[in-house]
Amino acid sequence: MEIEFLDPAEAPLPPDQMSFRSVEVEPYSDGQRLKVSLQVAPFQVRPSIDLTVTNDQGKVVASSSIVEATETSMSVTLHLRDRSSEPRHRLTALLVYPDRDPVDERILEFALPDPDPSEAN
């Protein structure tokens, strides 16, 4: 069993004061997957996180939800449904609680690398 202690200066926050500490997106070299790393403030009530990736035309090419997160730091791998010829994409991360508007939103623009031929199936 692992017991995690928080810094006493960082008291857990109520839902209306919650925010992302950081959101990072790192495309894999194959151009088909993304590593999304997230950090949120310590919380009193477990938040949910909605992730959506869109291409330049606004089409959703990946999405995921983390329901009632148990940790303040997490990462997920998103698989792109449709590899657009355009490298520009956008990640939208929403920090949400039931029956409320999102309490925080982060939007990151990024470019996918050209697919690495050595990683082709």
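Below, a biologist questions a modeller about a predicted model.

Biologist: Why does Val25 count as buried?

Modeller: Its relative accessibility is 18%. The cut-off for buried is under 20%. Therefore Val25 counts as buried.

Biologist: Where is Val25, and what does Val25 touch?

Modeller: Val25 sits in strand S1. Leaving out residues up to four places away in sequence, Val25 touches Leu34, Lys35, Val36, Leu91, Leu108 and Phe110. Take Val36 from that list. Val25 and Val36 are 11 residues apart along the chain, yet their C-alpha atoms are separated by 4.6 Å.

Biologist: How do you know that S1 and S2 pair?

Modeller: Count the bridges. Strand S1 covers residues 20-27 and strand S2 covers residues 33-40; seven bridges join them. Pairing needs at least two bridges. So S1 and S2 are paired, and they run antiparallel. One example is Glu24, whose bridge partner in S2 is Ser37.

Biologist: What stands out in the hairpin of S1 and S2?

Modeller: Five residues lie between the strands. Gly31 takes a positive phi near 70° there.

Biologist: What makes S2 and S5 a pair?

Modeller: Seven bridges, in the antiparallel sense. The threshold is at least two bridges, so the pair qualifies. Ser37 stands opposite Ser75 in S5.

Biologist: Which strands are the edges of the open sheet S1-S2-S5?

Modeller: The sheet has three strands in that order, with antiparallel pairing. S1 and S5 are the edge strands, since each pairs on one side only. The twist averages 15° from one strand to the next.

Biologist: What is the strand order in the sheet of four strands?

Modeller: The order is S4-S3-S6-S7, in an open sheet with antiparallel pairing.

Biologist: Why are S4 and S7 said to stand at the edges?

Modeller: Strand S4 (60-66) and strand S7 (104-111) each have a single partner strand, so one side of each is left without a neighbour in the sheet. Neighbouring strands of this sheet are turned by 15° against each other on average, direction ignored.

Biologist: How do you know that S6 is paired with S3 and with S7?

Modeller: Use the bridge counts again. S3 and S6 pair over eight bridges, in the antiparallel sense. Eight bridges also join S6, residues 88-96, to S7, again antiparallel. At least two are required, so both pairs pass. In S6, the bridge partner of Ile49 is Leu95. Arg90 stands opposite Glu109 in S7.

Biologist: Which residues touch the most other members of the largest nonpolar core?

Modeller: Leu38, Ile49, Leu51 and Val53, out of 28 residues. S1, S2, strand S3 (48-55), S4, strand S5 (73-79), S6 and S7 each supply at least two residues of this core. S2 gives the largest share, four residues.

Biologist: What is Ile49 in contact with?

Modeller: Set aside neighbours within four places in sequence. The contacts of Ile49 then include Phe20, Leu38, Val40, Ser64, Ile66, Met74 and Leu94. Leu95, the bridge partner of Ile49 in S6, is also among the contacts.

Biologist: What makes Arg33 a charge over the ring of Tyr28?

Modeller: Arg33 is at 4.1 Å from the ring centre and lies over the face of Tyr28. The distance limit is within 6 Å. So Arg33 meets that limit, and its position over the face completes the case.

Biologist: How many aromatic pairs does the structure have?

Modeller: Zero, from a search of the whole structure. A pair would need ring centres within 6.5 Å.

Key
Residues are numbered from 1 along each chain as its sequence is written. This is a predicted model: local features need pLDDT of at least 70, side-chain atom pairs count only at pLDDT 80 or more; totals for chains, interfaces and linings use all residues. Side-chain values use heavy atoms; hydrogens and water are left out. Rings of Phe, Tyr and Trp (its six-membered ring) pair if their centres lie within 6.5 Å; planes under 30 degrees apart count as stacked, over 60 as edge-to-face and the rest as tilted. A charge sits over a ring if NZ of Lys or CZ of Arg is within 6 Å of the ring centre and within 35 degrees of the ring normal. Axes are lines fitted to C-alpha atoms, for helices over the stretch in contact, and angles run from 0 to 180 degrees between N-to-C directions. A nonpolar core is a set of buried Ala, Val, Leu, Ile, Met, Phe, Trp, Tyr and Cys residues joined through side-chain atoms within 4.5 Å. Buried means under 20% relative accessible area, exposed over 50%, partly exposed in between (1.4 Å probe, protein chains only). Contact means heavy atoms within 4.5 Å.
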